[in-house]
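Hi,

Here's the structure I said I'd pass on to you. Have a look at it first, and then read my notes underneath with the picture open beside you.

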Amino acid sequence: MLAKKTLELNPSHPVMKKLLNELKENDNQLSEASKEYANLLY
Amino acid sequence: MKDDQDTILYLSGDTKDSILRSPILKKYIKQGFEVLILDDPIDEFTTQHLSEYEKRKVKSISKEDVSVLDNDETAKKKLQKLKEMYKPLTDWYKNHLGKNVEKVSISNKLTDAPLFIFTSQYGYSAQMEKINKA
């Protein structure tokens, strides 16, 4: 039995702010570099 | 323990050092909450069956349903606003990770860490999963 996971993001962290801004500016798309970074964080 | 702390909080892990390094512990300590550090594997089994002790709920801070931090109305409104503001990012993460996570949301439990994976209220904790795999 695996644990059910909930991912919680820290809204005051600079990286999260940057990712949110990028999504807003690019029609909900992230660049490959940002995607990689988001994966790395997870 | 704080007078208004109606929940006994704990965090389990392999060693005391690793538990003390957890990014979710910081804010509880900062706000004056006492958190039990449980580093013995048997603790995890015990707490699975101990939901209440002396009329106080017993909860792991690694589970998503613990909501003792920032419990006033202003903080709740602020969190709600942040959830709306960050919806594009939470939606993106949910789409991107698919079935790997059950839910993506905004946290009021983190200070320095960008994100954290909590376990659901009723499922296994991460530590229990680790024990079962061993």
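**Where the two chains meet**

Start with β1(A): 5 bridges join this strand to β6 of chain B (residues 115–119), and the two run antiparallel. Before going further, keep in mind that this is a predicted model.

You can pick out single pairs along those two strands. Leu7(A) sits opposite Ile117(B) in β6(B), while Glu8(A) has Phe116(B) as its bridge partner there. If you need a reminder of what holds such strands side by side, strands of a sheet pair through backbone hydrogen bonds, and they can do so either parallel or antiparallel.

Now zoom out a little. In what order do the strands of this open sheet come? The order is β5(B)-β1(A)-β6(B), which makes 3 strands with mixed pairing. β5 (103–106) and β6 of chain B are the edge strands, and each has a single partner strand, so one side of each has no neighbour in the sheet. On average, neighbouring strands here are turned by 30° against each other, if you ignore direction.

**The contact as a whole**

How many residues does each chain bring to the contact? Chain A puts in 22 residues and chain B puts in 31 residues. On the chain A side, β1 (5–9) and α1 (14–25) each supply at least two residues. The biggest giver on that side is α1(A), with 6 residues. Sorted by class, the side of chain A that touches chain B has 14 nonpolar, 4 polar and 4 charged residues.

**Elsewhere in chain B**

Chain B also has strands that pair with each other. β1 (residues 7–12) and β4 (residues 56–60) of chain B run parallel and are joined by 4 bridges. One pair to look for is Ile8(B), whose bridge partner in β4(B) is Val58(B).

β4(B) is also joined to β3 of chain B (residues 52–53), this time by 2 bridges and with the strands antiparallel. Here Tyr53(B) stands opposite Arg56(B). β3(B) and β4(B) form a hairpin with 2 residues between the strands, and in that hairpin Glu54(B) takes a positive phi near 45°.

That's what I have for you. When you go through it yourself, I'd begin with β1(A) and its place between β5(B) and β6(B) in the strand order.

Cheers

Technical notes: Residues numbered from 1 in each chain as written. Chains lettered and ligands numbered in written order. Predicted model: local features only at pLDDT ≥ 70, side-chain atom pairs only at ≥ 80, totals over all residues. Contact = placed C-beta atoms within 7 Å. Nonpolar A, V, L, I, M, F, W, Y, C, P; charged D, E, K, R; others polar. Pairing = 2+ DSSP bridges. Axes fitted to C-alpha atoms, helices over the stretch in contact; angles between N-to-C directions.
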